[in-house]
Amino acid sequence: QEPSSSQVPCQTSYPAMSPSLAPLLDLMEMPKPRWKAPAAWLPHVLLVHAVVAGCFVPLSPAVVWVNPFAALSVALGSTYRIQVAPPLGLAIDAGSAVLLKISPLLAALSTAMGAWGLADVLAPLRGPGREDAVSVMATVCRGPLLWLLSGLLHGTGAAWAATRASSAERRFAAVLGAEAVGAAQRERPVLPLTARLHPLLFPYKAFEIQQVDVPGGATVDMWPLQPGGGDAARPIFFFVHGGAWRGGNSRMNPSCLLLHRLSMRGWQVCAVNCRKRRWPQHIEDCGAALRFVLGRAPAEQDGEPPRVVLGGASAGGHLAALLASQPEFASALRGAVLLYPALDPADDMQQFLPWPFGPSTIRWFFQLVVLRGNRDFWDEAKPLAKITPAFPPCLAVHGELDGLAPVVVSRTFFAGLAAARSCPRDFLVEVPGAKHSFEVGGGPMNRVVLDGIVAWLRPIEEQIS
């Protein structure tokens, strides 16, 4: 019987990639950087305009040509469907994800404000002392009309958001199979009430998650094993949280719903907290934590190392990709799940906004804040240059409108994987309309993404060694 495409291991008969990035970048036709697109700056221009208008109101209302609150609402409504220039999506991406959740309410309020203001402004035109029509229309344009425009933007955003989950489901079904995705949907666990309200409200204490110290300075959150697995070896999901290499922790990130889902399915879920003072503490602590977890885990029945899948989000995806490239862990790794990974901190693909003089913003940040000015560490911090034939099967989930970690970098990464080895389990799923840290917004799209990840992991769950 021929093995299915989900069970075929990666073939490693291809030559290893060159340490230089040039061959990999030659595989891709570099797109125009997003910061060169005028539309990428529209939300910023509108937000600055609203703030400036609000500052002038107390000083001289006569010079303010727009209602600052209406202008702010228009600016916020413009962020939904526009991919802003990296890395300026840091706040806008997360903010728009939250706003989309309440966009129907914002649409109703804006429309009501516009209708009320329009009726109030047009009332003098019907009275005995009619005002000048030009002045009335000017008042309409800088107040009620903006509110109505805001209502239109929020309303269309809400309608568009309602279709994103079904579009994402179709994309997962196209690459993983509708049957596999449907099975994952039917097996969804019941979420805690607070986690339904928002992922960051997940009740960790209720699940008795143990934090274990790792020699060297890292800690690992060990999720409890669910009953029913006996003494058999459990598949391990080793997760690295995001936070721009400087912040965040294993219990303050929106990926907790993924960890909960896998824990309820019988996985041994481990989430690492590494030191973040200076590089290479990050990757050294992650490696030490993975060795610690592997040392505690029972071997497979045939004596093989335990099954491990690496996971990471954003900056954690960068660290997980570097871990997956290390030969030391190759025998144990069965896969890697990367969520909107920041795979190009050096900006070798030139997709990030540059300073007027000097490097791009992301390269400047990583070199100054993470590397602490030590350029000798650059070579070991580039996942795009670390691709080898031994890299495990990889699933990446990346938002199409990511304004912090451009999806084009993930496309290049997967082009490198395809050039390094042939693996039918490599999939890059671009989530329609999603931005960076899209889980922050919650909602049905989160559930669809989790279903897709579970469907991709199922062969590893069922695989024996």
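1. Two strands are taken here to pair if DSSP finds at least two bridges between them. The model under discussion is a predicted one, and the points below concern its paired strands and then its nonpolar cores.

2. By that criterion strand 1 (residues 210-213) and strand 2 form an antiparallel pair, joined by four bridges, and within this pair Gln210 stands opposite Met222 of strand 2. The two strands make a hairpin in which five residues lie between them, and Gly216, located in the turn, has a positive phi of about 115°.

3. Strand 2 also pairs with strand 4 (residues 268-273), again in the antiparallel sense and over four bridges, with Val220 standing opposite Val272 of strand 4.

4. Which way do the side chains of strand 2 (residues 219-222) point? Thr219 and Asp221 point one way, while Val220 and Met222 point the other way, and all of these residues are buried. In a regular strand the side chains alternate between the two faces of the sheet.

5. Turning to the packing, the largest nonpolar core has 56 residues, and those with the most contacts inside it are Phe238, Trp279, Leu310 and Phe413. Helix 12 (residues 315-324) supplies the largest share of this core, with seven residues. Apart from this core lies another one, of 44 residues, which includes Val181, Met445, Val448 and Ile460.

6. Trp279 deserves a separate look: leaving aside residues up to four places away in sequence, Trp279 touches His318, Leu319 and Leu322, as well as Phe366, Val370, Leu371, Phe377, Glu380 and Ala381.

Technical notes: Residues are numbered from 1 along each chain as its sequence is written. This is a predicted model: local features need pLDDT of at least 70, side-chain atom pairs count only at pLDDT 80 or more; totals for chains, interfaces and linings use all residues. Side-chain values use heavy atoms; hydrogens and water are left out. A nonpolar core is a set of buried Ala, Val, Leu, Ile, Met, Phe, Trp, Tyr and Cys residues joined through side-chain atoms within 4.5 Å. Buried means under 20% relative accessible area, exposed over 50%, partly exposed in between (1.4 Å probe, protein chains only). Contact means heavy atoms within 4.5 Å.
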